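User: Could you walk me through the aromatic contacts, the sheet and the odd backbone angles in this one? Here it is.
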Amino acid sequence: MASVGLRIVSLILVLYMVMPISSATVYTVGDTSGWAMGVDYSTWGSDKTFVVGDSLVFNYASSHTVDEVSSSDYSSCTVGNAITSDNTGATTITLKTPGTHYFICGVAGHCSIGMKLSVTVKSGGSSTAPSSDTSGGSTTSPSGGGTTVNTPGVRTPSSHVPVNSSPGTTLMNMFDILAVLAAFHIYVLLVLS
């Protein structure tokens, strides 16, 4: 009887170790409205807690862009100095570093009427405040040229289809599935031994 209890505790421990792997959340910016004029992005982001590993999915018409910009360019709605820019209509940005990240539409006049978003990203699971306004990563151009530019914290996939466009859903990728299968395999081995 003690052997069964030990096996159950072992299974719970294995599952507990696996669960943090699948904690990344995919947020569709603006929910069903997408990245468009007339949406209050301050309100949209105000009830969300962003952590490293989460993704932002921007869905928008071809008349818009998603530009990551500096804090000062965000505040003044200055276009033309983007850290990264994309205009493919569907941009997924993985939040790779803690800090505040700033996004605007690079079309003249759009930012000044509210097409801008700032998100504060916390380190994974920590309740401490972000340490900087910078980010780190690289962007791969989706234009077909395959150009990789070293730029802060933005990864735009070459595919125009977002990983998961449902707001606030848990991202379940291939590594998560493999981890669950491995945990199940360990459980089966424990039960059969």
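User: Which residues form one aromatic cluster with W35?

Analyst: Keep in mind that this is a predicted model. W35 sits in one aromatic cluster that takes in a tyrosine and phenylalanines as well. Its partners there are Y41, F58 and F103.

User: Is the pair of W35 and Y41 stacked, edge-to-face or tilted?

Analyst: The ring centres are 4.9 Å apart, inside the 6.5 Å limit for a pair. The planes meet at 50°, and stacked would need under 30 degrees while edge-to-face would need over 60. So W35 and Y41 make a pair that is tilted.

User: Are W35 and Y41 buried or exposed?

Analyst: For that label, the relative accessible area has to come out under 20%. W35 falls in that class and Y41 does too: they are buried.

User: How many residues apart are Y74 and Y102, the pair that links distant parts of the chain?

Analyst: The rings of Y74 and Y102 have centres 5.1 Å apart, with planes at 45°. Y74 belongs to helix α3 (residues 71-76), while Y102 belongs to strand β7 (residues 99-104). Both tyrosines are buried. Along the chain, the separation is 28 residues.

User: Which residue lies over the face of Y74?

Analyst: A lysine counts as over a ring if its NZ is within 6 Å of the ring centre and within 35 degrees of the normal. For Y74 the distance to the ring centre is 4.4 Å, and the residue is K116. W44 has a lysine over its face too, at 4.5 Å from the ring centre, and that one is K48.

User: Which are the edge strands of the open sheet?

Analyst: The sheet has five strands with mixed pairing, in the order β2-β8-β7-β4-β5. An edge strand here pairs on one side only. That gives β2 (50-51) and β5 (84-86).

User: In β5, what is the bridge partner of V66?

Analyst: Strand β4 (residues 66-69) runs antiparallel to β5, and three bridges join them. V66 has its bridge partner in β5, and that partner is D86.

User: What is phi of D31 near?

Analyst: Most residues other than glycine have a negative phi. D31 lies in the loop between β1 (25-28) and α2 (41-46), and it is partly exposed, with a relative accessible area of 32%. Its phi is positive, near 50°.

User: Where is C77, with its phi near 55°?

Analyst: C77 is another residue other than glycine with a positive phi. Its place is in the loop between α3 and β5.

Notes. Residues numbered from 1 in each chain as written. Predicted model: local features only at pLDDT ≥ 70, side-chain atom pairs only at ≥ 80, totals over all residues. Heavy atoms only, no water. Phe/Tyr/Trp six-rings, centres within 6.5 Å; stacked < 30°, edge-to-face > 60°. Buried < 20%, exposed > 50% of the residue type's maximum accessible area, 1.4 Å probe, protein only. Helix = DSSP H or I, 4+ residues; strand = E, 2+ residues; numbered from the N terminus. Pairing = 2+ DSSP bridges.
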